[in-house]
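The report below looks at a single chain, moving from one residue in a loop to the core and then to a pocket. Please keep the sequence and the structure in view while reading.

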Amino acid sequence: MLQSQTILDVSKLVQSKKFLTREIALEIFEYIKATPSNKVDLDFTNIDFISRSFADQFHKEKLSFHEKFLTKIRVVNQNEEVFNMFSIVANTQNKVDRAVSQIIVVHFKERKTVKEFLYSI
């Protein structure tokens, strides 16, 4: 039977105060897999910094993990900088809201024409 809730101190799991790589996100989710719980709180109290690449991988793993295992994962006690990075990355991951724009391709026969075009924009 699954426990109702587990709290994991991520700084003790990874033994770092700065999460810089995607591999650290994968490592955290390996610990979560070993946790017999359907609700996991990840305590970020002692984490000073997370990189964008860590936050991106963490976000992807969190969504995937929830779909596969129906486990609710919450990040708790993060500082403002960590919270902001998670928010920025989460906002860029929403593929439904992404706008598709047309890219104009321009061909030039002479370098002089390219130079004139670049000065004009």
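## A serine in a loop

S37 is buried, with a relative accessible area of 5%, where buried means under 20% relative accessible area, exposed over 50% and partly exposed in between, computed with a 1.4 Å probe on protein chains only. The model is a predicted one, in which local features need pLDDT of at least 70, side-chain atom pairs count only at pLDDT 80 or more, and totals for chains, interfaces and linings use all residues. Residues are numbered from 1 along each chain as its sequence is written, and side-chain values use heavy atoms, with hydrogens and water left out.

S37 lies in the loop between α2 (22-33) and β3 (39-43); helices (H or I, at least four residues) and strands (E, at least two) are DSSP runs numbered from the N terminus. A polar atom of the S37 side chain lies 2.8 Å from the backbone oxygen of K39. Between the C-alpha atoms of S37 and Y119, which are 82 residues apart along the chain, the separation is 61 Å.

Two other loop residues, neither of them glycine, have a positive phi.

| Residue | Loop | Phi | Relative accessibility |
|---|---|---|---|
| Q15 | between α1 and β2 (18-19) | near 60° | 71%, exposed |
| L70 | between α3 and β5 | near 55° | 65%, exposed |

## The nonpolar core

A nonpolar core is a set of buried Ala, Val, Leu, Ile, Met, Phe, Trp, Tyr and Cys residues joined through side-chain atoms within 4.5 Å. The largest one has 25 residues, of which F19, L42, F44, I50 and F54 touch the most other members. Two or more residues each are given to this core by α1 (10-14), α2, β3, α3, β5 (72-76) and α4, and the largest share, five residues, comes from α2. Leaving aside neighbours within four places in sequence, F44 is in contact (heavy atoms within 4.5 Å) with residues including V10, F19, I50, F54, F58, V75 and F86.

## The largest pocket

The largest pocket holds about 160 Å³ of space. A pocket is an open set of points on a 1 Å grid over the protein atoms alone, where a 1.4 Å probe fits, with protein on both sides within 12 Å along at least five of seven lines, and lining residues have an atom within 4 Å of a point. Among the lining residues are F58, V75, Q78 and F86. The elements that give two or more residues to the lining are α3 (52-69) and α4 (80-92), and α4 supplies the largest share, five residues.

Note on methods:
Points joined across faces, edges and corners; volume = space filled by probe spheres on them. Polar contact = N/O pair within 3.5 Å; in protein donor to acceptor, adjacent residues only side chain to side chain.
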